[in-house]
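Q: Please choose one part of this structure and examine it closely for a reader who has not met the structure before. Please then set that part in the context of the rest of the chain.

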Amino acid sequence: MDWLFGRRKTPEEMLKEHQRALKKAIRGIEREERQLSSQQEKLKNDIRKSAKDQQMAVCRIQAKDLVRTRKHIRKMLQMKTQIQAVSLKIQTMKSTVTMAEAMKGVSKAMGKMNKTMNMPQLQQVMRDFERESGVMDAKQDMMDDMIDSAMEDEDDEAEADNMVQQVLEELGLAAGSGLADADLAAPVPAAPVAAEDENLMARLNALRKDD
């Protein structure tokens, strides 16, 4: 009745309708197959009974009916198999249509994204990023060099202190004795020597005279 109102069914609706019809046909065939199977079992029992009663004419007629019933069951099975194959094809077509619709939507979305992409602007952004990244790397390298230099100075100071300590220990003096020798310390402005340091200076001078 849809054609009376000017509405046409979509391919998807038509596929669904045909698939429903095929499923209904399969159910009908299965129902008839069950009836024929029951009839086949009944004929077998009747044939056994007729043969037992020595009714050979009746037994022959019943055997012919059994043969026809079996042939009909085989035909039902063949029809069912063919209908299932058609139903599978329809399902495959339906899946293909669905996939085509999805690809159509994806294609439209990709087209819109391509239109919104400004390649020159993106290239400029990438160039700016690369430049700023290089500047940041250069600054980081400078900071690393400064830190390494500062650490080296500290290491040198620590090594110098250790050397002074070793010299003082070899001379039998304690660290922080306030030596004024130019070989052990840098020249400093003259300052008053504490009374307790005079004995240390005398000992140092005595050691030098002995050398």
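A: A residue is called exposed when its relative accessible area is over 50%, buried when this area is under 20%, and partly exposed in between. The model discussed here is predicted.

The part chosen is Gln54. This residue is found in the loop between helix 1, which covers residues 11-52, and helix 2, the latter spanning residues 56-116. Gln54 has a relative accessibility of 62%, and because this value is over 50%, the residue counts as exposed. The backbone of Gln54 also deserves attention: its phi is near 65°, a positive value in a residue that is not glycine. As a general rule, most residues other than glycine have a negative phi.

The loop that holds Gln54 belongs to a chain built from helices. The protein chain contains four helices and zero strands, and its pattern along the sequence reads α-α-α-α. Of the 211 residues in the chain, 13% are buried. The accessible surface comes to about 17500 Å², and carbon and sulfur atoms account for 58% of this surface. Among contacts with a separation of 6 or more, 61% join residues that are 24 or more positions apart.

Helix 2, on one side of the loop, includes Lys80. In contrast to the exposed Gln54, Lys80 is buried, because its relative accessible area of 17% is under 20%. When neighbours within four places in sequence are left aside, Lys80 is in contact with Ile26, Ile29, Glu30 and Glu33.

Further along the chain is helix 3, which covers residues 119-170. Met119 lies in this helix and takes part in a nonpolar surface patch with Met117 and Leu122. Together these three residues have about 270 Å² of accessible area. Met119 is at 44% relative accessibility, which lies between 20% and 50%, so the residue counts as partly exposed.

Asp141 is also found in helix 3. A negative patch on the surface brings Asp141 together with Asp137, Asp144, Asp145 and Asp148. Asp141 is partly exposed as well, with a relative accessible area of 46%.

The residues examined thus represent each class of accessibility: Gln54 is exposed, Met119 and Asp141 are partly exposed, and Lys80 is buried. For Gln54, the exposed position in the loop between helix 1 and helix 2 is accompanied by a positive phi.

Conventions: Residues numbered from 1 in each chain as written. Predicted model: local features only at pLDDT ≥ 70, side-chain atom pairs only at ≥ 80, totals over all residues. Heavy atoms only, no water. Patch = residues over 30% accessible without salt bridge, like charges linked within 9 Å, V, L, I, M, F, W, Y side chains within 5 Å. Areas by Shrake-Rupley, 256 points an atom, 1.4 Å probe, with all protein chains shown as cover. Salt bridge = Lys/Arg side-chain N within 4 Å of Asp/Glu carboxyl O. Lys, Arg positive; Asp, Glu negative; His and termini not counted. Charge placed at Lys NZ, Arg CZ, Asp CG, Glu CD. Helix = DSSP H or I, 4+ residues; strand = E, 2+ residues; numbered from the N terminus. Buried < 20%, exposed > 50% of the residue type's maximum accessible area, 1.4 Å probe, protein only. Contact = heavy atoms within 4.5 Å.
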